[in-house]
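Let's take a walk through a protein model and see which side chains keep each other company. Have the picture ready as you read.

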Amino acid sequence: MIYTKQEWYTPSEVVIHNTLEDCWVSVNGFVRNLTPWLQDQWRFCKCVKRCSCAVKNWYCEDTCREYCRCSDEGYLYCDAKTLAMIVLAYAGKDVTHWFVDGEWVHYTHPIVGSRTPFHTHGAGNRQPVVPSTRWRPLVNPWWLDDSNIVGKLTSKPRPVRITNTLTGSSVTLEVCSEETIHQIMMRYLPHNSHMASYTWCHGKRVLDCTKTLEENGIPDERDRYLEVGLPENVYIPNIMLYYNDDMTTDPPKHIDCDFKE
């Protein structure tokens, strides 16, 4: 058995990483871990904030922006923290709509007439709207930094039921449509640590572990069910596990290495 790292993630797996200490977002099909980047952005400014809202209430308007002494003196630190706060607000979500061709969405500024990145909740970490000494070049912005990529976001998650015919136990998993049977085995691993002792079948066919569910003749028919007014979960494909009786003992499992049986 070859143990591998997880390559594909579902939206429900990304959304749970939504705190300052554990922040993931998905951008253009990639899942990124922004926890180290957030901590770097957050540690610079220690100023007391003030609000841009004309009327001071217990809540702020959608156009609200925070200011502090650093902003008045022209330092970049608070812009960095403002961007970090925006990213943290979208932690665990998909932010692909922020970008076009690897750059922020741009618009024409109504006052100065220049083309500038569109930041609804405040300035970003690029040059300001007008020429300023606050401009700083960035070599690797977080949305183009390959070092924070943890995997890929699936285009369509789908349910699959796995039944162990030896014990009679059944588990329903949410998997990625791009995952091979072997990668689905990795998701099933916490439920059965001796997967190599079983033959994986669907109906009378033995599944090819190097192919996806679709390639193994197990289509995702939920859209067809919805078209005829049936619940999308009226039928969930069932993979049957048949014990080989070979007394296989799996090797130790380590996420950082691959072990072959």
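## A charge over a ring

Let's begin with a rule: a charge sits over a ring if NZ of Lys or CZ of Arg is within 6 Å of the ring centre and within 35 degrees of the ring normal. Keep in mind that what you're looking at is a predicted model.

Now find K93 and Y90. The charged end of K93 sits over the ring of Y90, at 5.7 Å from the ring's centre. Y90 itself is partly exposed, with 25% relative accessibility.

## The aromatic crowd

How many aromatic pairs does a search of the whole structure find? It turns up 9 of them. One of these joins Y90, the ring under K93, to W98: the two are edge-to-face, 5.0 Å centre to centre, with 75 degrees between their planes. While Y90 is partly exposed at 25% relative accessibility, W98 counts as buried at 10%.

Another edge-to-face pair is made by W142 and W143, with 5.6 Å between centres and 90 degrees between planes. Are these two buried or exposed? Both W142 and W143 are buried. The two pairs also belong together in a bigger picture: W37, Y90, W98, F99, W142 and W143 form one aromatic cluster.

## Salt bridges

Searching the whole structure for salt bridges gives 7. One of them links E7 and K152, whose closest N and O atoms are 3.5 Å apart. E7 lies in the segment before β1, and K152 sits in strand β11, so this pair ties together parts that are 145 residues apart in sequence. Each partner is partly exposed: E7 has a relative accessible area of 33%, and K152 has 30%.

K156 and D220 make another salt bridge, at 3.6 Å from N to O. Here K156 is in the loop between β11 and β12, while D220 is in the loop between β15 and α6, so the parts being tied together are 64 residues apart in sequence. K156 is partly exposed, at 30% relative accessible area.

Then there's E179 with R187, where the N to O distance is 2.9 Å. Why do both of these charged residues count as buried? The cut-off is under 20% relative accessible area, and E179 has 2% while R187 has 15%. Some salt bridges share partners, too: K156, D220, R222 and D223 are joined that way into one network.

## An open sheet

Five strands line up as an open sheet, in the order β1-β11-β4-β3-β2, with mixed pairing. Which strands stand at the edges? They are β1 and β2, and each has a single partner strand, so one side of each is left without a neighbour in the sheet.

Further in, β3 (residues 22-27) and β4 (residues 30-33) pair in the antiparallel sense over 4 bridges. To see how they face each other, look for S26, which stands opposite V31 in β4. You've met β11 already: it is the strand that holds K152, the salt-bridge partner of E7.

## A nonpolar patch outside

Finally, turn to the surface. V228, L230, V234 and Y235 form a nonpolar patch there, and together they have about 370 Å² of accessible area.

Take L230 as one of its members. You'll find L230 in the loop between α6 and β16, and its relative accessible area of 38% makes it partly exposed.

Terms used
Residues are numbered from 1 along each chain as its sequence is written. This is a predicted model: local features need pLDDT of at least 70, side-chain atom pairs count only at pLDDT 80 or more; totals for chains, interfaces and linings use all residues. Side-chain values use heavy atoms; hydrogens and water are left out. A salt bridge is a side-chain nitrogen of Lys or Arg within 4 Å of a carboxyl oxygen of Asp or Glu. Helices (H or I, at least four residues) and strands (E, at least two) are DSSP runs, numbered from the N terminus. Buried means under 20% relative accessible area, exposed over 50%, partly exposed in between (1.4 Å probe, protein chains only). Rings of Phe, Tyr and Trp (its six-membered ring) pair if their centres lie within 6.5 Å; planes under 30 degrees apart count as stacked, over 60 as edge-to-face and the rest as tilted. Patches are made of residues with over 30% relative accessible area and no salt bridge: like charges are joined within 9 Å, nonpolar side chains (Val, Leu, Ile, Met, Phe, Trp, Tyr) within 5 Å. Accessible areas come from the Shrake-Rupley method with a 1.4 Å probe; for residues, only the protein chains shown count as cover. Two strands pair if DSSP finds at least two bridges between them.
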